[in-house]
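Thanks for sending this one over. Here are a few notes to read alongside the coordinates, set out point by point.

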Amino acid sequence: MSGIKGNRCSWVVRRLILWVLLTNVLLVLYCLTNSLQGNNGSFQQATCPVTVAKLLKRNVSVPRQSPKSGECSPKVNIMFMKTHKTASSTMLNILFRFGEKHKLKFALPNGRNDFFYPSPFRCSQVKDYRPGDCFNIVCNHMRFDHQEVAKLLAPDAVYITILRDPVALFESAFHYYHRVVPLTWRIDGEDKLARFLNSPQSFYSANAFNSFYLKNLLLFDFGLDNNLEADDPRVARIINDLSKRFYLVLFAEYFDESLVLLKDTLCWTTEDILYFKLNARRSSSVSHLTPELRAKALQWNKADWRLYQHFNATFWARVEAYGREKMKQEVNELRRRNSEMKEICIEEGAAVEAQNIQDRRFLPWQPIGEASILGYNMKKNIDPKFRRICEKMLTPEIQYLSKLGVSLWLTRLWGWLKDAVWI
C-alpha cells in the first residue's frame, strides 16, 4: 500500500514540476511578446485620417438609404469594449457576423485572442498594423486606452460596452480564473469563494500576479485602478469620463433589451442581432451566494457597483425614451426569431456539456482544470440555405478568430499546456 501511495505522490510531484516549468516558459513568451509589442510604436501619433476613413466606408457592402427616404444608414464604425464575464463573447459573435457579412475591416489581435491583456492597449498590438491604418471594428479583449483606440477608428465611430452585476461577475471570474491567480491557491476548503469573501484582506494583495481578477474587474478592464475605493473622488471622475466616451452601455442581465437598443443605435436589422448564448457555464459550477455573502461581495467590489448603478440608470432612461411597449414588442420578436433559429440549427435545441460536443469546431475554450463551459451540436440535416448562418452563430470566439485569419499560436500553446497538465 505504501508503494502505491509513493508512486501516486511521485506522479503528482512530477506533474506539478511539469506544470511549473511549462507555465514559466509560457509566461516568458508572453512577457517577451508583450515587451516587443509595447515597444514597437506604442506611442506613435499617427491616427486614422478622415480621407482614408471615408474611403474605407465607401468600400463596405452595407446598403445605403437615400437621404430623401428619411431612413438611417447602418453604422459600420464600431468600438466594442469587451469586458470579462459579461456575455461579451455572445456579443462578439454578433459583431463578427455583421462584419463578415458587410466586408468590414477588423482590428484583430496578433498571435492570441486578445490585445495582450492585461497590458494597456497599444495600436502596435493589432495584426499587421501600420501607422495611419483605419479599421471599421475593434472588439477583442483589451485593457482600454481611449487615446490608442481612437487612432484606429474614424471620428464617427460608435463606442459600446457591456456591464454585469458586479457580484455575479465576481463569482464567475473567481471560479473561472482561480487557477491562474496564485493568491487563491492557499485558500483551504471546498468553498474557496466563501472563505475569500469572509476575509478578503487575508488573501488579497494589490500587486500580486493576476490579482485584478479578484477585485473591481470592470474598472481594471477600462484601464483604471481597480483598488480605488468607491468613495474616492477619482471614481466619480472616471464614471463621468466613461459616460462621455461610450455612447451605449449594454447589460448582461437585460441582454435582449440591450440588443434592441443596439439595433436602434446602429440602424441594424433584427437579423443582425440574432444570437445563441455562448460561453455559458453549466449550472452546477455556479455558486449561489447567500444574502450575507452577496453583501460582502458587493462591498468588496463597491467601485464596480457604483459604475454599474450609474449606467444602469442611464440604460433604463434610454428604454423609457425608446418606449416600454415598443421595447416589449421588439424583445418578443427577437426571442421568437432566436427560438426559430434554435429549432433550425441546434440538435435537441439546447446547449450540452463540453464532453458531449461532437464537432470540435463548436467546442468552446475551457478554464484550467475543468470542462464547465457548455456548447452546442449542430443538426446534421439542415436546410442548405441555413447551414452557413447556423455554423457562424454556433462558432466560439477562438475558432471564429482563426476563420478571420488570426494565427493564435500563443493561445493554442497555452491551450495545449493546460490540457496536457490538467485534463
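1. A yardstick to begin with: the expected span of a helix is 1.5 Å times one less than its number of residues. Please keep in mind throughout that this is a predicted model. Helix H5, residues 166-177, has 12 residues. From its first C-alpha to its last, H5 reaches 16 Å, close to the 16 Å expected.

2. How enclosed is H5 by the rest of the structure? Since 10 of its 12 residues are buried, H5 is largely enclosed. Those buried residues include Pro166, Glu171 and Ser172, along with aromatic positions such as Phe170, Phe174, Tyr176 and Tyr177. Their packing partners are helix H6 (192-198), helix H8 (217-221), helix H11 (291-300) and H12.

3. The same yardstick can be put to H12, residues 302-322. Its 21 residues should span 30 Å at 1.5 Å a residue, and the end C-alpha atoms are 30 Å apart, which agrees. Buried in H12 are Ala303, Asp304, Leu307, Tyr308, Phe311, Asn312, Phe315, Val319 and Tyr322. These residues cover an arc of only 160° around the axis, which puts them on the same side of H12. As general background, an α-helix has 3.6 residues a turn, so residues three or four places apart point the same way. After H12 comes Gly323, with a positive phi near 110°.

4. Now the nonpolar core. In soluble globular proteins, nonpolar side chains tend to be buried together. The largest nonpolar core here has 118 residues, and the members touching the most others are Met79, Leu152, Phe196 and Leu262. Phe196 is a good one to display: setting aside neighbours within four places in sequence, Phe196 is in contact with Phe170, Phe174, Ile187, Phe203, Tyr204, Leu214 and Trp300. Two of these partners, Phe170 and Phe174, are among the buried residues of H5.

5. On to enclosed space. How many cavities of 30 Å³ or more does a search of the whole structure find? There are 3. The largest cavity has a volume of about 70 Å³. Its lining is made by Lys277, Leu278, Asn279, Phe362, Pro364, Leu374, Gly375, Tyr376, Leu394 and Pro396.

6. Last, an open site. The second largest pocket holds about 490 Å³ of space. Among its 18 lining residues, Arg360, Leu363, Pro364, Trp365 and Asp419 are the closest to its centre. Helix H15 (397-403) and helix H16 (409-422) are the elements that give two or more residues to this lining. H16 gives the most, with 6 residues. Pro364 also lines the largest cavity.

How values were computed: Residues are numbered from 1 along each chain as its sequence is written. This is a predicted model: local features need pLDDT of at least 70, side-chain atom pairs count only at pLDDT 80 or more; totals for chains, interfaces and linings use all residues. Side-chain values use heavy atoms; hydrogens and water are left out. A nonpolar core is a set of buried Ala, Val, Leu, Ile, Met, Phe, Trp, Tyr and Cys residues joined through side-chain atoms within 4.5 Å. Buried means under 20% relative accessible area, exposed over 50%, partly exposed in between (1.4 Å probe, protein chains only). Contact means heavy atoms within 4.5 Å. Helices (H or I, at least four residues) and strands (E, at least two) are DSSP runs, numbered from the N terminus. The arc is that of the directions from the helix axis to the C-beta atoms. On a 1 Å grid over the protein atoms alone, a cavity is a set of points where a 1.4 Å probe fits but cannot get out, and a pocket is an open set with protein on both sides within 12 Å along at least five of seven lines; lining residues have an atom within 4 Å of a point. Grid points are joined across faces, edges and corners, and a volume is the space filled by probe spheres set on the points.
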